[in-house]
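Student: Could you take me on a close look at the inside of this one? I'd like to hear about the spot where helices meet around an enclosed space, plus whatever helps me get my bearings.

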Amino acid sequence: MANGAAGLNTELQNQKGILKWIETVGNKLPHPFMLFIILCGVLMVVSAILSAMNLSVIHPGKGEAVAVKNLLSVEGIHWILTSMLKNFVEFPALGLVLAMTLGIGLAEKVGLLTTVLRKMMSHVPTAIVSYAVVFVGVLGNLASDAAMVIIPPLGGLVFLAMGRHPIAGFAAGMAGVSSGFTANLFIAGTDALLSGISTSVAQTIDANAHVTPVDNWFFMSSSVFILAFIGGWITDKVIEPRLGTFKGDTSVQFDELTPQENKALRVTGLIALLFIAVLAVLVVPEGALLRDPKTGDFLTSPFLKGIIPIILLFFVTISFVYGKVMGLIKTSKDMPHYMSEAIKDMSGFIVLAFTAAQFIAFFNWSNIGILMAVNGAEFMKSIGLTGLPIVIGFTLFTGICSLFITSGSALWAILAPVFMPMLMLLDYSPAFIQVAYRIADSATNTISPVNPYLPLILAFYQKYNKNAGMGTIFATMTPYALVFLVIWIIQMAIWYFLDLPVGPGVYPR
């Protein structure tokens, strides 16, 4: 027994050493804004060197020779200066994300999302509480940062009220919110953000390529139930037994929803159902208004092409109703005020988007991306690495990178220009490549040593375990991160081999 305990202690010490190294390296990385500026500078120098070497490839889409262009040449400097604002304004992710923020941000500011989450957590059956907490956590990421602040602590309180260890409940909630961040039953801001970047990059290979916010929906919506089951099982069978019995104060009282909040939810729910019913009338029948006017097809319909404005209108409608019933929206000034507050919260993204847009544009204009993609694809084919293993390798590489760069959009803006064209030339669809990225970036969120929520997480842990430290957090969350990643890779392999659609009309290859 003593030898087993000693071995466990040695293993934990080794794990802490590795995590400490990751934390140290991650903390030395510059802010993503500065990182993109540095990468732009590197690209300029590299483009000058490759251009001087007269390197070129045959463009796979156009069938003509494409040479590397020098960003430091007279032509390159002129292009940089005259295209900088255009690169920013036409950055696809910018408009998509800000539009989604207007709707979902309004729902958050009037308290609708918080109230819905509290309602979902208040009547959880004892037998499925672990699974329910993870499930709500995954769905809760629709509220973005607010979910991290709300759901894990609520999960801890639910466990505490049932006489279970509160840290296990907190961990289950955090696993759903953070490691399951990219999955959802609804189209979220992440879908809009990543698809915008993917479209910009994919069009360097195929000018007609377009990744929509719904192109990963089938895969990600099915992931919700898979992760909820796996996360609940890990909580019950691995995490809570390791934590043991909680010895602290188990007296806890939930803040029940007020009669006004319950009334507002009922009215809002009725309006939401009415909205969906009207939308169904406009989409489902043959020849309906929002079907393709030429073919009557659903996959090329204005409904799918206009999904972001429709989602925006849905959230604005239900948020207005909830705010009105709650007395939070009284005048014509109130709703735009809440929307403005939501956009303020996105100021960091807007700043980051400026430099990210330049980096992707530099990559595209210089033709370095095409050069790397074609040569990389040919090398992979020459060594016989063209099947699913290369996609899994890309996923694992993403998981390592995401430990150091916690911004999913920033990391995708760095990796997409290199890997998406390469994998597209190996016949993978842009949407499937995006799936391979998303699952790794999401799964490892909870064990990133540069996670901005670590102080908040540590404070909660220390509330119930005063001796808790960073190692405690990582030791608790690592099983979720690793198992979620493995399960997701297996799910991706199933989708690949069975050629299942990852979204409406979109297949792996």
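Tutor: Let's start at L154, which sits in helix α7, residues 145-161. Keep in mind that this is a predicted model. L154 is buried, because its relative accessible area of 14% falls under the 20% cut-off. From L154 to P166 you move 12 residues along the sequence, and their C-alpha atoms lie 9.4 Å apart in space.

Now for the helix pair. Look at α4 (residues 92-109) and α9 (residues 189-202): their axes are 8 Å apart and the packing angle is about 170°. Angles over 145 degrees count as roughly antiparallel, so α4 and α9 get that label. On the α4 side, the contact is made by P92, A93, L96, V97, M100 and I104. Facing them from α9 are G189, A192, L193, S195, G196, I197 and S200. Sorted by class, this contact has 9 nonpolar residues, 4 polar ones and no charged ones.

Hang on to A93, L193 and I197 from that contact, since those three also turn up in the lining of the largest cavity. Searching the whole structure for cavities of 30 Å³ or more gives just 1, and the largest cavity has a volume of about 50 Å³. Besides those three, its lining takes in F91, F349, L352, A353, A356, S409, A410 and A413. At least two lining residues come from each of α9, α15 and α18, and α15 has the largest share, with 4. By class, the lining is 10 nonpolar residues and 1 polar one, with nothing charged.

While we're at α15, follow that helix (347-366) to the loop between it and α16 (368-382), and you reach N367. Its phi is near 70°, positive even though N367 isn't a glycine. That's worth a glance because most residues other than glycine have a negative phi. N367 is also buried, because its relative accessible area is 16%, again under 20%.

The other helix to follow out is α18 (408-424): the loop between it and α19 (430-443) holds D427. Here again phi is positive, about 80°, in a residue that is not a glycine. Buried or exposed, then, for D427? Exposed, because D427 has a relative accessible area of 52%, over the 50% cut-off. So you have two positive-phi loop residues to compare, with N367 buried and D427 exposed.

Terms used
Residues are numbered from 1 along each chain as its sequence is written. This is a predicted model: local features need pLDDT of at least 70, side-chain atom pairs count only at pLDDT 80 or more; totals for chains, interfaces and linings use all residues. Side-chain values use heavy atoms; hydrogens and water are left out. Buried means under 20% relative accessible area, exposed over 50%, partly exposed in between (1.4 Å probe, protein chains only). Axes are lines fitted to C-alpha atoms, for helices over the stretch in contact, and angles run from 0 to 180 degrees between N-to-C directions. Angles under 35 degrees count as roughly parallel, over 145 as roughly antiparallel, 65 to 115 as roughly perpendicular and the rest as oblique. Contact means heavy atoms within 4.5 Å. Ala, Val, Leu, Ile, Met, Phe, Trp, Tyr, Cys and Pro count as nonpolar, Asp, Glu, Lys and Arg as charged, and the others, Gly among them, as polar. On a 1 Å grid over the protein atoms alone, a cavity is a set of points where a 1.4 Å probe fits but cannot get out, and a pocket is an open set with protein on both sides within 12 Å along at least five of seven lines; lining residues have an atom within 4 Å of a point. Grid points are joined across faces, edges and corners, and a volume is the space filled by probe spheres set on the points.
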